[in-house]
Amino acid sequence: MLPRVVRLPRVYRPQEDTRLLAAALVEAAPPSGARVLDICSGSGVLALTAAMMGASEVVAVDISA
């Protein structure tokens with residue numbers, strides 16, 4: 001359930017383990033309506049995956065602009 005990502009210039013490129021982590025998130029199946037915090041978000045793919053799974057609130061933060 002990895003979302004299709006259109007990456008803008010200078011945005012962190014998803015790494016090899018992104019699909020693995022997204023699959024683990026889907027397998028863990030947080031309850032619908034869960035609140036999710038994605039620290040060191042990078043590309044934001046995991047935050048997008050959580051939102052697509054029904055999280056009621058998703059906050060993604062990263063130190064890089």
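Is Ile 39 buried or exposed? In this predicted model, Ile 39 is exposed, at a relative accessible area of 55%. The residue belongs to strand 1. A distance places Ile 39 relative to the start of helix 1: its C-alpha atom is separated by 14 Å from that of Thr 18, and the two residues are 21 apart along the chain.

Ile 39 also takes part in a surface feature. Together with Leu 37, Val 59 and Val 61, Ile 39 forms a nonpolar patch. The accessible area of these four residues together is about 350 Å². Two strands contribute to the patch. Strand 1, residues 35–39, supplies at least two of its members, and strand 2, residues 57–61, likewise supplies at least two. The exposure of Ile 39 fits the patch rule, because its 55% lies over the 30% relative accessible area that patch residues must exceed.

The two strands are also linked by charge. A search of the whole structure returns 1 salt bridge. The partners are Arg 35 and Glu 57, whose side chains meet at 3.2 Å, N to O. Arg 35 sits in strand 1 and Glu 57 in strand 2, so the pair ties together parts that are 22 residues apart in sequence. The two partners fall into separate accessibility classes. Arg 35 is exposed, at 67% relative accessibility. Glu 57 is partly exposed, at 37%. Glu 57 misses the exposed class because its value of 37% is not over 50%.

Open and enclosed spaces were then examined. The largest pocket has a volume of about 160 Å³. Its lining comprises 16 residues, and those closest to the pocket centre are Thr 18, Cys 40, Ser 41, Ser 43 and Leu 46. Three elements each supply at least two lining residues: helix 1 (18–28), strand 1 and helix 2 (45–52). Strand 1 thus appears in both the pocket lining and the nonpolar patch. The pocket lining is mixed in class. It holds 7 nonpolar, 6 polar and 3 charged residues.

Enclosed space is limited to one entry in the count. The structure has 1 cavity of 30 Å³ or more. The largest cavity contains about 50 Å³ of space. Its lining is made up of Leu 25, Pro 30, Pro 31, Ser 32, Ala 34, Val 36, Ala 50, Met 53, Gly 54 and Ala 55. By class, 8 of these residues are nonpolar and 2 are polar. No charged residue lines the cavity, whereas the pocket lining includes 3.

Ala 34 is one of the cavity-lining residues. It is found in the loop between helix 1 and strand 1. Ala 34 counts as buried, because its relative accessibility of 16% is under the 20% limit. Met 53 also lines the cavity. The C-alpha atoms of Ala 34 and Met 53 are separated by 9.5 Å, with their positions 19 residues apart along the chain counted as the separation.

Backbone geometry gives two further points. Most residues other than glycine have a negative phi. Ala 29 has a positive value, with phi near 45°. This residue lies in the loop between helix 1 and strand 1, the loop that also holds Ala 34. Ala 29 is partly exposed, at 46% relative accessibility, whereas Ala 34 is buried.

Arg 10 likewise has a positive phi, near 70°. Arg 10 is placed in the segment before helix 1. It is exposed, with a relative accessible area of 85%.

Val 6 is found in that segment too, before helix 1. Val 6 counts as exposed, at 64% relative accessibility. Its C-alpha atom and that of Glu 16 are separated by 16 Å, and the two residues are 10 apart along the chain.

Notes: Residues are numbered from 1 along each chain as its sequence is written. This is a predicted model: local features need pLDDT of at least 70, side-chain atom pairs count only at pLDDT 80 or more; totals for chains, interfaces and linings use all residues. Side-chain values use heavy atoms; hydrogens and water are left out. Patches are made of residues with over 30% relative accessible area and no salt bridge: like charges are joined within 9 Å, nonpolar side chains (Val, Leu, Ile, Met, Phe, Trp, Tyr) within 5 Å. Accessible areas come from the Shrake-Rupley method with a 1.4 Å probe; for residues, only the protein chains shown count as cover. Helices (H or I, at least four residues) and strands (E, at least two) are DSSP runs, numbered from the N terminus. On a 1 Å grid over the protein atoms alone, a cavity is a set of points where a 1.4 Å probe fits but cannot get out, and a pocket is an open set with protein on both sides within 12 Å along at least five of seven lines; lining residues have an atom within 4 Å of a point. Grid points are joined across faces, edges and corners, and a volume is the space filled by probe spheres set on the points. Ala, Val, Leu, Ile, Met, Phe, Trp, Tyr, Cys and Pro count as nonpolar, Asp, Glu, Lys and Arg as charged, and the others, Gly among them, as polar. Buried means under 20% relative accessible area, exposed over 50%, partly exposed in between (1.4 Å probe, protein chains only).
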